[in-house]
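User: Hello! I am new to reading protein structures and would like to learn how to go through one step by step. Could you show me how?

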Amino acid sequence: MKSLAQCCVMLFALALFSQPSAINIKSGSVFGRVLDASLNQPLPYVNIIVKDETDTIITGGITSEEGVFNIQNIPEGAIKIDITYIGYVTLSKPYTIGKDTFDINLGDIFLEENIASLDEITVVAEVSTIQQKIDRKVINVGKDLTTSGPTASDIMNNIPSVNIDQQTGDIALRGNQNVQVMVDGKLSNIPAAQLLKQIPSSSIKQIELITNPSAKYNPEGMSGIINIILHKNVNIGFNGNMNLGLSYQLEPKFNSSIDMNYRNGKINVYGSYGTNISDNQNIGLLTQTEADVSQTFDILDQRNSHLFKFGVDYYISDKHTLSLFTNQNLFDGGGMGETNLFSISNPNMNQLQNFDNTNTNNSQQYNGNYKVDLKKEGHYIELEVDHNIFDSDIETINTFAGTQARPNFEEFTTTERDRTTINLDYVNPLTEKSKLELGVQALLFDNSIDYNSDARVRNEFGTYIPTSTNFNYARDIYSAYATYGKTVEKWAYQVGLRAETVTETALAIDTDLTNNTRTDFPFENEYLQIYPSGFVTYNPLEKNSYQFSYSRRVDRPGVGQVNPIPEFNTPLLSQFGNPELQPQFTNSVELNYTRNLEKGSITAGVFYRLIEDEINQGVFVDRSDIGSGRVILTNDNFDNTSAYGFEISSNYRPTKWWSLNSSFDLYARTQTGIAESLDPTLSNPTEADISLTSVEVDNIIYNFRVFNNFKVSKKLTFSAFALYRGKDTGLNFEVEPLYFLNLGMRYSFLEDNRATFSMNFNNVLDTQELNIVSERPFRQTVTFQPEFSTIFAGLSYRFGGGKYKAKSRKNRDDNEKAGSGFM
């Protein structure tokens, strides 16, 4: 695509400059160099057009591979120089050729990206690249990364600073799971782990890592924001893409998607459908070594999801654009399996648990956006309303066998969740080098969960009783922000401030259905917070760039963290939320350096975070059955703590046929908290035997990853990805190092390489497994072996065509929202 664009530019330039000159050519000249304003990199094939006072073309040329141009034989008199390049804002400047000024040195000319123009072009590069911008790191996803797997979840481990838990699908940024995941700048009610498995990797255009977001963004997420930008197609006529994929190790996993759009005149209509059908086997072993108690896990997780999107963009006029779309997600899944509790020294403890879980949920999103462009370029007002609805029903049947087995029981959980977001934004480019942004936001969130069980809870007499829990949680946030940015020669800065008022209310009602007794647990919290942000960049030389940033952020507890209803139950382990959990606040500073090389680039950075009232997981002895070895996992607020880290990543192309992306990151964190411990050798322990101790842990975790792409021919490429993750030590658990190697290939065929077949083999050395050690409250080891060694085969095909022509609306947070992209 890049080569095609370059050819078009050169043909256009030749056509322009072959016109007969209207003025007799003389001896003036203009020379200089053109660079990307954000990346500080030379731009090749840029059009330099020289006109006279009547806008008649005199002469011109294009820049070299180094971005340099030198145009000779320009006549004396007033001239105008236009510098144009696809996807960038055109620069036009007047000059005079005459006495003492026949040779004009324009020096370095920096072109800014034209976001609206870039939205209209779908370019899938061969190789992924990494760009460091003023407030984010941008990974342009090439065909090499999409070979790594069928979904967004599969390619995330290849991204610097990002980790995916291969067992749960949870995502972390810089070693921390307090991260906001957005698609095209929007949050979703779909759980992030589920959402990432539903987005085809081939639908992803860019992944933005916004580790220090500006005040314009919602301040949630200690480690920042991961924003997934999908491909967009607004070509004239009918266009589309189709993807099919199958993975297998122990169980099959199938995914497919199709997206289409039709653009004609003032209307752009688009839609998509995607499905993910998978069975996932997970085997594990938990051992309490001192107590001689073990528990095996054998779980089959089933997921069937269907996503639909339909939308329309109506270009009312050159200044007014209305866009509407809806996402609909249908999920039908669950899990079945068994856990086997056994002890060699005490066979009476042996217990077998079988469970059968069904989970159905529906997620609906409705979005409307109206934008009015004002007089100046980039001057606009935009109103957006986004409404999300999430409903789910979960039923779990638990059966037990054994000498001391507990009674069978069933669980029923119904969830209803609504979130409405209203944004009003105003953007004013005060001058060519300064910009003011203002906005207000209302975020209204409501969550209701009803839980019923016929015999899960044991009362003080040791009898299991039927219970119900109703949990209602609401959070209303009203905020306003302002940011101001300016460029001064080689410096650029942006400052911002966001103010928020938050009201939280929660009510948990536990009911003993045997005696019909009710216990209420009300909770209220209201606070006002200010979130400043600041960015400074310095570009002293062509190949060097420095950036400093600061932001204050908040981690408001998620629904799962405050929900007192059990997330899961096994004979030795249960997990609950804590309704009284308070938010944690983070002050973060970051310094980055970028060096552009002849065949690539290197970006290095350091960061430091100060965390107030840290939220962390606690492990406690189950008070209802102290001697059983059963523990409770929950969340709580602990003392203030700190974290710091170092990152370095690079793109490099040693040869024409070999390119690689590599990265190394190291994170250090001090965690303080409390933990319970109990001597497992005690025959009849009581609550008095439980000791509570203060714990402080210094944890240093590091990751090294390298992605190689080998181009055999224009149609065939191979890839190899390797990752090593060091030991991760938390307050209660220590995760052993993890490492693996994945191999892949891709073959393109048919006209214009419209079709692509890809394969990959994950964990080819069979080294990947999850091993965990815990010392509190008992000495425990845990091993999980999900399906790490999968083989994947995929086919993608793009169809349609047509001349590119569309007007795209500027989107909130400079992200794409409309178009035929998958979500």
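**Reading strands, sheets and rings**

Analyst: Let us begin with one pair of residues: Q364 stands opposite I389 in β21. Please keep in mind that this is a predicted model.

User: Thanks! Which strands does that pairing belong to, and how many bridges join strand β20 to strand β21?

Analyst: First the general idea: strands of a sheet pair through backbone hydrogen bonds, and they do this either parallel or antiparallel. Here strand β20 (residues 351-373) and strand β21 (residues 380-401) run antiparallel, joined by 22 bridges. The hairpin of β20 and β21 has 6 residues between the strands, and in it G378 takes a positive phi near 80°.

User: Which other strand is joined to β21?

Analyst: That is strand β22 (residues 409-431), which runs antiparallel to β21, with 19 bridges between them. As an example of a matched pair, E395 has F412 in β22 as its bridge partner.

User: You mentioned a positive phi. How should I read that in residues other than glycine?

Analyst: The general idea is that most residues other than glycine have a negative phi. So a positive value is worth a look when you meet one. S161 is not a glycine, yet its phi is positive, about 75°. You will find S161 in the loop between α4 (152-155) and β10 (162-164).

User: Is S161 buried or exposed?

Analyst: S161 has a relative accessible area of 4%, so it is buried. Now look at D766, another residue other than glycine with a positive phi, near 55°. D766 is placed in the loop between β41 (755-761) and β42 (770-774). D766 counts as exposed because its relative accessibility is 60% and the cut-off for exposed is over 50%.

User: Now I would like to read a whole sheet. What is the strand order in the open sheet of 4 strands?

Analyst: The order is β3-β2-β5-β6, and the pairing is antiparallel. At the edges stand β3 (57-62) and β6 (91-97); each has a single partner strand, so one side of each is left without a neighbour in the sheet. From one strand to the next, the twist averages 20°. Zooming in, strand β2 (residues 47-51) pairs with β3 in the antiparallel sense over 5 bridges. Within that pairing, K51 has I57 in β3 as its bridge partner.

User: And what is the order of the open sheet with 5 strands?

Analyst: That sheet follows the order β8-β9-β13-β14-β12, and its pairing is mixed. Its edge strands, β8 (129-132) and β12 (179-183), each pair on one side only. Neighbouring strands in this sheet are turned by 15° against each other on average, direction ignored. Inside the sheet, β8 pairs with strand β9 (residues 137-140) in the antiparallel sense over 4 bridges. I130 has I139 in β9 as its bridge partner.

User: Let us turn to rings. How many aromatic pairs does the count come to?

Analyst: The count comes to 21 aromatic pairs. One of them is F471 with Y473, a stacked pair at 6.3 Å centre to centre, with 15° between the planes. Both F471 and Y473 are buried. Another pair is Y546 with Y593, which is tilted, with centres 5.0 Å apart and 40° between the planes. This pair links distant parts of the chain: Y546 belongs to strand β27 (residues 544-555) and Y593 to strand β30 (residues 584-597), 47 residues apart.

User: Which aromatic cluster do Y546 and Y593 belong to?

Analyst: They form one aromatic cluster with W491 and Y538. As for accessibility, Y546 is partly exposed at 36% relative accessible area, and Y593 is partly exposed at 27%.

User: Where does the charged end of K309 sit?

Analyst: It sits over the ring of F325, 4.5 Å from the ring's centre. In another case, K371 lies over the face of Y380, at 4.6 Å from the ring centre.

User: To finish, how many helices and strands are in the chain?

Analyst: The chain has 6 helices and 44 strands. Of its 823 residues, 54% are buried. Among the contacts with a separation of 6 or more, 67% come from residues 24 or more positions apart. The accessible surface comes to about 35200 Å², and 57% of that belongs to carbon and sulfur atoms.

Definitions and conventions
Residues are numbered from 1 along each chain as its sequence is written. This is a predicted model: local features need pLDDT of at least 70, side-chain atom pairs count only at pLDDT 80 or more; totals for chains, interfaces and linings use all residues. Side-chain values use heavy atoms; hydrogens and water are left out. Rings of Phe, Tyr and Trp (its six-membered ring) pair if their centres lie within 6.5 Å; planes under 30 degrees apart count as stacked, over 60 as edge-to-face and the rest as tilted. Buried means under 20% relative accessible area, exposed over 50%, partly exposed in between (1.4 Å probe, protein chains only). Helices (H or I, at least four residues) and strands (E, at least two) are DSSP runs, numbered from the N terminus. A charge sits over a ring if NZ of Lys or CZ of Arg is within 6 Å of the ring centre and within 35 degrees of the ring normal. Two strands pair if DSSP finds at least two bridges between them. Axes are lines fitted to C-alpha atoms, for helices over the stretch in contact, and angles run from 0 to 180 degrees between N-to-C directions. Contact means heavy atoms within 4.5 Å. Accessible areas come from the Shrake-Rupley method with a 1.4 Å probe; for residues, only the protein chains shown count as cover.
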